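Biologist: Please take me closely through a single part of this model, strand by strand. Then add whatever else is worth a look.

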Amino acid sequence: IFLLLVTLLQLPVYSCSTCEEDIAFSKTWDLGGDLTVKFQSDKYFSYTKDNEVQLSAHLPGLHEGGEQQANLVLNHQYTQGDAQIHQEESRVDIFSSWNNKLPPDFIHLLYGAARVSWLEQGIFPVHGACVGNDEEGYVLLMGAPGSGKTSLTLNSVFKKDCKVFSGDKTLLKFNDKNQLEAISGTHTITVRMEDIGRWSGI
């Protein structure tokens, strides 16, 4: 049994005037749960390998989007002053001074918007790794930050010959037999700085 806490925040409504010809940057990602997300802006953003690694550590199933049409759009419009957000069914309009570099908050905004879409489909994103093998099945490792999820995950790989299905966040769904299945997970495992020496053999 999983307890999910959802916080709803009412924000002011703003009209977004970004038109197709005003778009200076556009990026599409496919995520787990058949979710395709598009981020577009009237300002240019550099997208680096570091951005890709950070996103893959937070978003289950992340990979470069193909030709499939996005079913969730994050539309950014540059404005000075306090940032504002307007969220509709499959669109999030962002009014902020973001420019050139994706800020750290972007990852959490993207994950939060994706999380709403997943929950609407009966897909449950949980903060937990998933390890195991095809013969014996897989185990979901959950716990508070610092409780040892990453250490247990890596120990399972090196000492128990387990496979890592998900490194940190896992998407779960009940199948037709009312069994809980892991359908997607994050591709990246993050290690605390003080533990890097311990896993130097990776």
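Modeller: Helices here are DSSP runs of H or I with at least four residues, strands are E runs of at least two, and both are numbered from the N terminus. The model is predicted, so local features need pLDDT of at least 70 and side-chain atom pairs pLDDT 80 or more, while totals for chains, interfaces and linings use all residues. Residues are numbered from 1 along each chain as its sequence is written, and side-chain values use heavy atoms, without hydrogens or water.

Start with strand β9, residues 124-133. Eight of its 10 residues are buried (under 20% relative accessible area, 1.4 Å probe, protein chains only; exposed is over 50%, partly exposed in between). So β9 is mostly covered.

β9 pairs with three strands, listed here by partner (pairing takes at least two DSSP bridges). With β10, residues 137-142, β9 runs antiparallel over six bridges. The two form a hairpin, and three residues separate them. Within this pairing, G132 of β9 faces Y138 of β10.

β11, residues 163-166, is also antiparallel to β9, through three bridges. G132 turns up again: K163 of β11 stands opposite G132. Thus G132 has a partner in β10 and another in β11.

β12, residues 169-174, is joined to β9 by four bridges, again antiparallel. There V126 has T170 as its bridge partner.

Next, the second largest pocket. Its volume is about 310 Å³. Among its 15 lining residues, G146, K149, T150, T190 and R192 are closest to the centre. A pocket is an open set of 1 Å grid points where a 1.4 Å probe fits, with protein on both sides within 12 Å along at least five of seven lines; lining means an atom within 4 Å of a point. Points join across faces, edges and corners, and probe spheres set on them fill the volume. Helix α3, residues 149-160, gives the largest share of the lining, three residues. By class, the lining has four nonpolar, seven polar (Gly among them) and four charged residues (Asp, Glu, Lys, Arg); nonpolar covers Ala, Val, Leu, Ile, Met, Phe, Trp, Tyr, Cys and Pro.

Last, Y78 in strand β5, residues 72-78. Y78 counts as partly exposed because its relative accessibility is 27%. Beyond its neighbours within four places in sequence, Y78 contacts (heavy atoms within 4.5 Å) D42, K43, S96, S97, W98 and N99. K43 lies 35 residues from Y78 in sequence, yet their C-alpha atoms are 6.7 Å apart.
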